Each structure stands twice: as C-alpha cells, then as structure tokens.
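Colleague: I should like to understand how the terms used for a protein model are justified. May I put some questions to you as we look at it?

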Amino acid sequence: MSEKTVPAAGRIIVSRRAMLAGTGVLAAGLAVGLPLSEAAAQQTSGAAQKIADHFASVKTMAGEFVQFGPRGEQTGGKFYISRPGKIRFNYDAPSPMRVIADGKSVVIGNQKLKTWDIYPLSKTPLNLLLSDKIDLTGSMVRNVKEEPDLITIVLGDKSIFGDSTITMMFDPRTYDLRQWTITDAQKKDTSVMIFNVQTGIPMDDRVFRIPYDEVRNKGG
C-alpha cells in the first residue's frame, strides 16, 4: 500500500454555500488563488486569526454532514473530530464508505467490497484542519477573504500536499465552522455542509480506531 493522492471518496470537504447557491466557481477560485506574499500574510486581519484560534481551541466536535462530490453526487452521515489529528465520517446507507483518521494515518474503507486505502495524515490537507494550531502568518496561507457573512481561509503547503488545498469557511459572528473544501490537484472539489454540531463533548478514542489488521489484509 504505497502513498497515493487521496481519491474522490476521501476528499472530505464542506461547501454547501457554493453547491446549493450555484456559486461553485467562487469556492474553486478561492482554492486556487495565488499564495500571499510574506508582507500580505503578516497583514492578515486579527479577526481571521481570532476565528482560526477559536476553531483550533475546540478539541472535539460531532454532528451531521451532507457531502457533495465533484459531479454533484450527494451523500450524508455523521462525523466526529478529536483534535489533534482524529476524524471519522460514517456515511448513511446505502453508501458503504467509512473515513477514519487516528492521528497518524487516514483510511478510506468500503464495507461492501471489504477494501481499504491508507495514507499518512501528514501528507493530506486534513492535517491542517485537525492541527492544534492554525497560523495565518505562515507560508501555508493561500488566501483570506472577509465578507459580512463569511470569512474564508485557504490553506495549502505545496511541498507536502502538492497542489491540494483546504478552504475553511467560518461565521464571523459566532466563529463557527460552516464548511470546508478540499480541492485536489485536478482542481476538483468535494463539498460538505455540517449541521447539528456539538462541541466540547467527551469522545472515546475507540471511535477513531483504525482496523489495521483488516487494512493490511484487504487494503488496496
């Protein structure tokens, strides 16, 4: 099982605003924006950094999601996050997919086919989403856009993730994460809206346990 580019099934992204409002071009345009200069990055607004700090301080999250794929396909389910580095997406039937990160690896499993793909978490944009700190003064910042009803932060590290980026969208009043979008090297987006979110709740580490025996025996 070699390191690979994360396929469409694993591109966990949030962008209902773009998909439902018919403004997918906006999200895609932001995601491929030019990197900020060092001076511009240092001038990133205090409001945006404050929101990023608030999000990073939320150690656990759980809720429901609706995911929109690059071709508009729609699936839903429940998600769980425990910072740093842990996430799980359980897709509703009839989808057989599971996505789990345990702090070191990310696996994408198909329960119907009994197959698994595994990737180092550090080589995926999810690593930025799940980190303990999001520093908007660093070279990872591709774009920051402030609007009255939305603050959009685009992060990427070409040396680690290639041309993939992660776009996070926050409510500027509540600091709540509304959505995030991962754009792959082919500039394809997968989008997911999150709702009924609870934060700061107890989270059992078993939720994020990867069945490595099955991965080794059945992996792709």
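Colleague: How much area does the protein expose, and what share of it do carbon and sulfur atoms supply?

Modeller: This is a predicted model, and in it the protein exposes about 10,700 Å². Carbon and sulfur atoms supply 51% of that area.

Colleague: What share of the residues counts as buried, and how many helices and strands are there?

Modeller: Of the 220 residues, 47% count as buried. The protein has 7 helices and 11 strands.

Colleague: What makes strand β10 largely enclosed by the rest of the structure?

Modeller: Strand β10 covers residues 177-183, and 6 of its 7 residues are buried, so the strand is largely enclosed by the rest of the structure.

Colleague: How do you know that β10 pairs with β9 and with β11?

Modeller: Two strands pair if at least two bridges are found between them. Strand β9 (residues 165-170) is joined to β10 by 6 bridges, and the two run antiparallel; the criterion of at least two is therefore met. Within this pair, Phe170 stands opposite Leu177. Between β10 and strand β11 (residues 189-199) there are 5 bridges, again in the antiparallel sense, so this is also a pair by that criterion. Here Trp180 stands opposite Val192.

Colleague: Which residues in the turns of the two hairpins have a positive phi?

Modeller: In the hairpin of β9 and β10, with 6 residues between the strands, Tyr175 has a positive phi of about 70°. In the hairpin of β10 and β11, with 5 residues between the strands, Lys187 has a positive phi of about 65°.

Colleague: Why is the contact of Asp132 with Lys59 called a salt bridge?

Modeller: The cut-off is 4 Å between a side-chain nitrogen of Lys or Arg and a carboxyl oxygen of Asp or Glu. The closest N and O atoms of Asp132 and Lys59 are 3.0 Å apart, so the pair qualifies. The two residues are 73 residues apart: Asp132 lies in the loop between α5 and β7, and Lys59 in the loop between α4 and β1.

Colleague: Why is Asp132 called partly exposed, and what of Lys59?

Modeller: Partly exposed lies between under 20% for buried and over 50% for exposed. Asp132 has a relative accessibility of 41%, so it counts as partly exposed. Lys59, at 38%, therefore also counts as partly exposed.

Colleague: What makes Asp171 buried but Arg178 partly exposed?

Modeller: Asp171 has a relative accessibility of 11%, which is under 20%, so it counts as buried. Arg178, at 27%, is not under that limit and is therefore partly exposed. Their side chains meet in a salt bridge of 3.4 Å, N to O, and Asp171, Arg173 and Arg178 are linked in a network of salt bridges.

Colleague: How do you know that Arg88 has no salt bridge?

Modeller: The nearest side chain of opposite charge, Glu214, is 9.7 Å away. A salt bridge requires atoms within 4 Å, so Arg88 has none, although it is buried.

Colleague: Where does Arg88 lie, and what does its side chain approach?

Modeller: Arg88 lies in strand β3, residues 86-91. A polar atom of its side chain is 2.9 Å from the backbone oxygen of Val207. Residues that Arg88 touches include Phe79, Tyr80, Ile100 and Phe208.

Terms used. Residues numbered from 1 in each chain as written. Predicted model: local features only at pLDDT ≥ 70, side-chain atom pairs only at ≥ 80, totals over all residues. Heavy atoms only, no water. Helix = DSSP H or I, 4+ residues; strand = E, 2+ residues; numbered from the N terminus. Buried < 20%, exposed > 50% of the residue type's maximum accessible area, 1.4 Å probe, protein only. Areas by Shrake-Rupley, 256 points an atom, 1.4 Å probe, with all protein chains shown as cover. Lys, Arg positive; Asp, Glu negative; His and termini not counted. Polar contact = N/O pair within 3.5 Å; in protein donor to acceptor, adjacent residues only side chain to side chain. Contact = heavy atoms within 4.5 Å. Lists of a residue's contacts leave out its neighbours within four places in sequence.
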